[in-house]
Amino acid sequence: MVEIKAEPFSFPLKRDAIALVVIDMQRDFAEPGGFGASLGNDVSRITKIIPDVKRLIEGFRSAGLPVIHTMECHRPDLSDLPPAKRNRGNPTLKIGDEGPMGRVLIAGEPGTQILAELAPVDGEIVIEKPGKGAFYATPLGDILRERGIEQLVFSGVTTEVCVQTTMREANDRGYECLLAEEATESYFPEFKTAAISMIKAQGAIVGWVGSVDDIIEGIA
Ligand code: C5J
């Protein structure tokens, strides 16, 4: 059996039952004028990981393994947006407001799109999710079950919000989770560090953490 070098110990790869999940690499989180910026964040931290996320995606594609993309977004009528979420954080632009890249975090709007460099190719699954976790109110669980997936590699943004929430959801559902360290980022470096520590603590209580190179080598 192939083992991928990881922390807190090697990840036991099941090559025919693993998929990559790329969380929310959307313009709204990565570009000036989007939702992330409207909350006062430095979005340049997010664009810096694009090359590492791209390498990881290409590694999965070359290995013939599934790539799943998620997008945090809501219906145009906001029926899946609780007021508590819309009003949270006092952003200069609320979800659903008209901004420089269209309506903020609304399905189909320009700002909601996945960054061009990381765009899904034909056949890849794209999950539109109204929550922070990708299992909540989406078909992700059914899709993984139908395909016999048992292990998930995670990348994307932000480490401590949508990535960590989805890893915790996946862990509770029985998936073995491996976070690709350089392919995830936070607006707050200390939150990325803390999230990684929490995930791998206590004998991988939420999951493993590995490097993009080691993951690509393991699946190749
Ligand atoms: C946030 C996300 N941070 N994708 N979304 O609101 O992590």
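**Helix α4 and its surroundings**

The buried residues of α4 (buried meaning under 20% relative accessible area with a 1.4 Å probe, protein chains only) pack against β3 (18–23), α3 (44–47), β4 (67–72), β8 (151–157), β9 (176–185) and α9 (212–219). Helices here are DSSP runs of H or I with at least four residues, and strands are runs of E with at least two, numbered from the N terminus. This is a predicted model, where local features need pLDDT of at least 70, side-chain atom pairs count only at pLDDT 80 or more, and totals for chains, interfaces and linings use all residues. Residues are numbered from 1 along each chain as its sequence is written, and side-chain values use heavy atoms, with hydrogens and water left out.

Let's look at who faces inward. The buried residues of α4 are Ile 50, Asp 52, Val 53, Leu 56, Ile 57, Gly 59 and Phe 60. An α-helix has 3.6 residues a turn, so residues three or four places apart point the same way. Just after α4 comes Gly 64, with a positive phi near 70°.

Leu 56 is a good residue to click on: leaving aside residues up to four places away in sequence, Leu 56 touches Leu 20, Val 153, Ser 155, Ala 180, Ala 183, Val 212, Ile 215 and Ile 216, where contact means heavy atoms within 4.5 Å.

Leu 56 also belongs to the largest nonpolar core, which has 43 residues. Such a core is a set of buried Ala, Val, Leu, Ile, Met, Phe, Trp, Tyr and Cys residues joined through side-chain atoms within 4.5 Å. Met 25, Leu 56, Phe 60 and Val 153 have the most contacts inside this core, and α4 gives the largest share, five residues.

Note on methods:
Buried means under 20% relative accessible area, exposed over 50%, partly exposed in between (1.4 Å probe, protein chains only).
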